[in-house]
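Here are some short exercises to work through with a viewer open. Try each task before you read its solution.

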Amino acid sequence: MFGKNYVQRIMIVEDDELIRKELSRFLTYEGYEAVCIEKFENDFQTAESILQETPDLVLLDVSLPGCDGLFICDELRRRSDVPIIFVTGNNTSLDELNCMMRGGDDFIAKPFDLNVLTAKVQALLRRTYEFAGATNLLEHKGAILDKENGILTYQ
């Protein structure tokens, strides 16, 4: 799906500045474009901000100031199939189950090993995009182009 020079965008939704910066730095080093959200006004605005950035994958914290990561995931799932990895300090099996049942694709508990997180990101991107098969549809910001039939639709 991606061209040879395409850099995959990873959206980091994390309120802890130290973790956010470390994730951004490490993912950039690994060859991704890291995009961060730093303001968390409410669930709807945060979800909208994520969708406007058109990420290829979202790293989503569950506990955010003024926001609920699970609700944000619900909003994303209503409007997008973007892969979501929950990154959270809530690390019981019930927390993991809740994240997965709400639409998350994977779960990693803090503290985590950056290499393990990167492996999860790579695996999820590969499963989502490389193994999805060839398609004649291109999507960008709500516009869908059917290359085979020459039809462009918007939202």
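The exercises below concern a predicted model.

**Exercise 1. The H2 and H3 pair**

Task: Work out which class the packing of helix H2 and helix H3 falls into, and list the residues that meet.

Solution:
- Start with the geometry: H2 covers residues 43-52 and H3 covers residues 69-79, and the two pack at an angle of about 50° with axes 9 Å apart.
- Next, apply the cut-offs: angles under 35 degrees are roughly parallel, and the roughly perpendicular range runs from 65 to 115. H2 and H3 are therefore oblique to each other.
- For the handedness, H2 crosses H3 in a right-handed way.
- Now the contact itself: H2 contributes Asp43, Phe44, Thr46, Ala47, Glu48, Ile50 and Leu51, while H3 contributes Phe71, Ile72, Glu75, Leu76 and Arg79.
- Sorted by type, the residues of this contact are seven nonpolar, one polar and four charged.

**Exercise 2. A charged residue in H3**

Task: Decide whether Glu75 is buried or exposed, and find the partner of its side chain in a polar contact.

Solution:
- Locate Glu75 in helix H3.
- The relative accessibility of Glu75 is 7%, and the limit for buried is under 20%, so Glu75 counts as buried.
- The side chain of Glu75 has a polar contact with the side chain of Arg78, at 3.0 Å.
- Setting aside residues up to four places away in sequence, Glu75 touches Phe44 and Ala47. Both Phe44 and Ala47 are in H2, among the residues that meet H3.

**Exercise 3. The surroundings of Ile85**

Task: Classify Ile85 by accessibility and identify its contacts beyond four places in sequence.

Solution:
- Ile85 belongs to strand S6, residues 84-88.
- With a relative accessibility of 0%, Ile85 counts as buried.
- Leu60 is 25 residues from Ile85 in sequence, yet their C-alpha atoms are 6.1 Å apart.
- Beyond four places in sequence, Ile85 contacts Leu57, Val58, Leu59, Leu60, Asp106, Phe107, Ile108, Lys120, Val121 and Leu124.

**Exercise 4. Two backbone details in loops**

Task: Find which residues a cis peptide bond joins, and which residue other than glycine has a positive phi near 45°.

Solution:
- The cis bond links Lys110 and Pro111, with omega about -10°. Pro111 sits in the loop between strand S7 (106-109) and helix H5 (114-130).
- The positive phi, near 45°, belongs to Thr54. Thr54 lies in the loop between H2 and strand S3 (57-60).
- At 22% relative accessibility, Thr54 counts as partly exposed.

Methods:
Residues are numbered from 1 along each chain as its sequence is written. This is a predicted model: local features need pLDDT of at least 70, side-chain atom pairs count only at pLDDT 80 or more; totals for chains, interfaces and linings use all residues. Side-chain values use heavy atoms; hydrogens and water are left out. Axes are lines fitted to C-alpha atoms, for helices over the stretch in contact, and angles run from 0 to 180 degrees between N-to-C directions. Helices (H or I, at least four residues) and strands (E, at least two) are DSSP runs, numbered from the N terminus. Angles under 35 degrees count as roughly parallel, over 145 as roughly antiparallel, 65 to 115 as roughly perpendicular and the rest as oblique. A crossing is left-handed if the near helix is turned anticlockwise from the far one by less than a right angle, and right-handed if clockwise. Contact means heavy atoms within 4.5 Å. Ala, Val, Leu, Ile, Met, Phe, Trp, Tyr, Cys and Pro count as nonpolar, Asp, Glu, Lys and Arg as charged, and the others, Gly among them, as polar. Buried means under 20% relative accessible area, exposed over 50%, partly exposed in between (1.4 Å probe, protein chains only). A polar contact is a pair of N or O atoms within 3.5 Å; within protein, one must be able to donate a hydrogen and the other to accept it, and residues adjacent in sequence count only if both atoms are side-chain atoms.
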